[in-house]
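Colleague: I would like a close look at one part of this model, a helix and the neighbour it packs on. Could you take me through that part carefully, and then place it in the rest of the chain?

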Amino acid sequence: MYEIDELQNQAQAVMDPTAFDYFVGGAGEEITVTENVTAWASIRLRPHVLRDVSHVSTATTLFGLDLRSPVLVPPLGYMRLAHDRGEVAMAEGAAAAGAVMCVSTLATMSLEEVAAAEPQFPRWFQIYVHKDRDLTRDLVERARDAGYQALVFTVDLPVLPTRKRDVRNQFDLPEGMELANLGIGRHGGAGSALEAYAGSSLDPALTPADIEWLHEISGLPVVVKGILRGDDVDMAVRAGAAGVIVSNHGGRQLDTVVPTAFALPEIVAAVDGRVPVLVDGGLRNGTDIVKALAMGAAAVLVGRPLLWALAVEGPAGVTGLLEQLREEIARSMALCGATALADLDESLVRR
Ligand SMILES: Cc1cc2nc3c(=O)[nH]c(=O)nc-3n(C[C@H](O)[C@H](O)[C@H](O)COP(=O)(O)O)c2cc1C
């Protein structure tokens with residue numbers, strides 16, 4: 001059995017301290033990093049009893065894909081800091097558990113290498129829109145050509161906030177490692193290399209029209225990631241979003257924003273069934289995930305725990321943790337009197 005806090009300690013023991021700080025940390029005082037976790041824990045369940053739960057299924061369908069479990073791997077940059085084969089190792093672990101993986105623009109293995117490693121397996125590509133629109137277009141065309149089935153458009157990073165650990169540590173790529181989709185190597189300057197890259201390269205002038213633009217140039221469904229408000233989600237859906245991810249970037253962008261567990265109901269209400277709503281941030285066990293699904297999420301993404309599993313046990317750890325989460329979801333469902341994800345509804349939670 002994986003115990004997430006223990007897994008994190010084990011990861012810390014095997015990782016370079018600067019890399020660990022980059023993975024574990026967040027913006028500002030890291031209040032949101034903590035509150036994302038405690039918010040799920042604070043929600044109370046109202047389980048049904050006397051329901052036959054001898055057969056429980058965690059299966060679901062998302063954008064036409066049949067999935068064994070509603071847990072996806074979110075976009076996470078710089079995975080080679082956790083494992084030699086980085087994103088390829090994560091993809092192997094995810095594929096063995098039947099989970100969709102979102103490959104980051106800031107991956108340390110190229111999107112083509114990840115696709116070649118698990119050609120059969122559904123994958124999405126996360127796009128950061130660059131000021132250089134030709135570069136952005138090139139990235140999404142490469143993703144489409146490599147068989148990625150959706151774009152995850154991250155919208156909560158118009159600028160990078162101060163991530164104190166990374167500034168203090170002068171976070172940078174080690175020699176011999178690069179942001180493989182971009183061909184960017186070690187920065188070598190003072191402060192955080194990620195902050196320097198984001199400031200010089202990422203487009204702070206994004207608008208809803210960019211959702212349609214990404215769809216037009218790729219032909220792929222665009223899932224908008226990083227929304228926390230009902231009015232914004234309505235705008236995104238009207239602008240063509242095929243799905244949305246309620247996210248505060250794991251507490252790594254604006255500190256003290258609303259925890260995703262508390263933002264989710266407003267978003268679900270505003271979307272009103274038009275597109276699937278996914279959520280991430282602080283989800284750490286099957287019970288948290290059952291709450292998210294009961295509150296209207298179609299699926300969830302689990303970030304840091306999978307990085308710890310990758311660092312400690314490689315692909316087998318990723319598979320093992322995803323399988324454990326699936327079993328925990330099934331057990332929590334049974335204890336709620338639910339046999340299918342469709343049985344999970346708002347009446348099961350008390351906020
Ligand atoms: C080390 C790390 C790197 C991340 N890199 C990206 C990224 O490249 N693109 C992105 O959209 N989100 C990125 N995220 C945010 C995740 O996709 C996700 O929103 C977050 O990890 C969920 O919170 P959790 O880690 O508490 O589960 C990153 C998160 C972490 C921890």
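Modeller: What follows begins with one helix pair and then moves outward to the core, the ligand and a few individual residues. Please keep in mind throughout that this is a predicted model.

The helix to look at is α12, which runs over residues 286–294. It is mostly covered, since nine of its nine residues are buried; these are G286, T287, D288, I289, V290, K291, A292, L293 and A294, so that the list of buried residues includes D288 and K291 as well as I289 and L293. After the helix comes G296, whose phi is positive, near 110°.

Two packed helices are described by the angle between their axes and the distance between the axes. For α12 and α13 the angle is about 65°, and the axes lie 8 Å apart; the crossing of the two helices is right-handed. On the α12 side the contact is made by G286, T287, I289 and V290, while α13 contributes L325, E328, I329, R331, S332 and M333. Sorted by character, the residues of this contact divide into five nonpolar, three polar and two charged.

Helix α13, residues 304–335, also matters for the wider picture of the interior. The largest nonpolar core has 117 residues, and those with the most contacts inside it are L151, V244, I267, A297 and V300. The largest share of this core, 14 residues, comes from α13. V300, one of the residues just named for their contacts in the core, also leads back to α12, for among the residues it touches are I289 and A292. Leaving aside residues up to four places away in sequence, V300 further touches P70, V71, L278, V279, D280 and L283.

The ligand is surrounded by 23 residues, of which the closest are P74, G77, S104, G250 and G303. The residues of this shell divide into eight nonpolar, eleven polar and four charged.

For contrast with the covered helix, a few positions elsewhere have fewer neighbours around them, and I take them in turn. G183 lies in the loop between α7 (164–169) and α8 (193–201), and it counts as exposed because it has 8 C-beta neighbours inside 10 Å; its C-alpha atom is 9.4 Å from that of T108, although the two are 75 residues apart along the chain. K164 has its place in helix α7 and is partly exposed, because 16 other C-beta atoms lie within 10 Å. The C-alpha atoms of K164 and G25 are separated by 8.5 Å, with their positions 139 residues apart along the chain.

L65 lies in strand β3, residues 65–67, and counts as exposed because there are 12 C-beta neighbours inside 10 Å, which is just at the limit, as a residue is exposed if 12 or fewer are found. L65 nevertheless touches V100 and P122, not counting residues up to four places away in sequence, and its C-alpha atom is separated by 9.3 Å from that of V100, 35 residues away along the chain. Finally, A269 is found in helix α11, residues 260–271, and counts as exposed because it has 11 C-beta neighbours inside 10 Å. A269 and E87 are 182 residues apart in sequence and 35 Å apart in space, C-alpha to C-alpha.

Key: Residues are numbered from 1 along each chain as its sequence is written. This is a predicted model: local features need pLDDT of at least 70, side-chain atom pairs count only at pLDDT 80 or more; totals for chains, interfaces and linings use all residues. A nonpolar core is a set of buried Ala, Val, Leu, Ile, Met, Phe, Trp, Tyr and Cys residues joined through C-beta atoms within 7 Å. A residue is buried if 20 or more other C-beta atoms lie within 10 Å of its own, exposed if 12 or fewer, and partly exposed in between; C-beta atoms are placed from the backbone. Helices (H or I, at least four residues) and strands (E, at least two) are DSSP runs, numbered from the N terminus. Two residues are in contact if their C-beta atoms, placed from the backbone, lie within 7 Å. A residue is near a molecule or strand if its C-beta atom, placed from the backbone, lies within 6 Å of it. Ala, Val, Leu, Ile, Met, Phe, Trp, Tyr, Cys and Pro count as nonpolar, Asp, Glu, Lys and Arg as charged, and the others, Gly among them, as polar. Axes are lines fitted to C-alpha atoms, for helices over the stretch in contact, and angles run from 0 to 180 degrees between N-to-C directions. A crossing is left-handed if the near helix is turned anticlockwise from the far one by less than a right angle, and right-handed if clockwise.
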